[in-house]
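Me: I would like to learn how to read a structure that is new to me. Please take the features in turn.

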Amino acid sequence: MEKQKKPVTKDIKHEYSIKGMDFVAAGEASSNIKHTLQLIGFAPAVIRRAAIAAYEAEMNIVIHAWEGVLITSISPERIEIIAADTGPGIPDIDQAMKEGYSTAPDHIREMGFGAGMGLPNIRNVSDEFTLDSSLGRGTTLTVVIYPTA
Amino acid sequence: MKLKETVNELEAEFKCCKLLPDRDVSWCYCSDLLSDVMANAKKDSIWITLQTHPNIVAVASLIGLSAILISRGAEPDPETIAKAAQENIPILTTKLPTFEAAGRLYSLLKK
């Protein structure tokens, strides 16, 4: 009897490097991620959620870290975005998750960043949200979105 | 409504992407906080802001806004215009302050 073929679905993986304080390139990784999701054909609402998570995570690295990467792993059932940086880390994660709390300096707030909405925005669009941080070393954020959820 | 149908009432001038006057405009969002716009502006909205730096283009592009209107006579940075041309995001300016621009747009869109 013929063996039933299992569909081989490989995750599409991409990695984007991000430099701290590079406001010129800021947003490019997120734009690429959005473009990839559009090519795959996810629903606009799903793409919006992923774009918000990617952009806020990317800007957090630009604003707060020395350098970092966005790593995406995409399959039809699951969109994972990992934002890993080397940087100062987050001293108090509960505080960082509070809407309106930000440690961004004034010149960055004047640009309209640092409203203390980034992490809460990411959590709001995520199905899974994990934030790990080590002081003086860096922060890793993992976001998972289930397109069918 | 099309973008071009709002230009007169907003006393607005295209700074880039003049060739995209037929973009749909269904609503508007006013904010100078980028994360606020990311979270709350609806697709196909005009975003009215005083921010002029290039990062506004990425925000508008990522959430599918129809245009950015820079109010109260502020001018976009040249890098902003270059980036907007690349991403096909129309940027317009008006001398009207945000409240008046939004008020006029509200009347147009509510018709």
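Reply: What follows goes through chain B and its contact with chain A.
This is a predicted model, in which local features need pLDDT of at least 70 and side-chain atom pairs count only at pLDDT 80 or more, while totals for chains, interfaces and linings use all residues. Residues are numbered from 1 along each chain as its sequence is written, and chains are lettered from A and ligands numbered from 1 in the order in which they are written.

Me: What is the mean pLDDT of chain B?
Reply: pLDDT is the predictor's confidence in each residue, from 0 to 100. For chain B the mean is 97, and 100% of the residues reach 70 or more. The complex has an ipTM of 0.93 and a pTM of 0.94 from the predictor.

Me: How many helices and strands are in chain B?
Reply: Helices (H or I, at least four residues) and strands (E, at least two) are DSSP runs, numbered from the N terminus. Chain B has 5 helices and 5 strands, in the order α-β-β-α-β-α-β-α-β-α from the N terminus.

Me: How many residues does each chain bring to the contact?
Reply: Two residues are in contact if their C-beta atoms, placed from the backbone, lie within 7 Å. Chain B brings 14 residues and chain A 18. On the chain B side, helix H2 (34-40) and helix H3 (55-62) each supply at least two residues, and H2(B) gives the most, with 5 residues.
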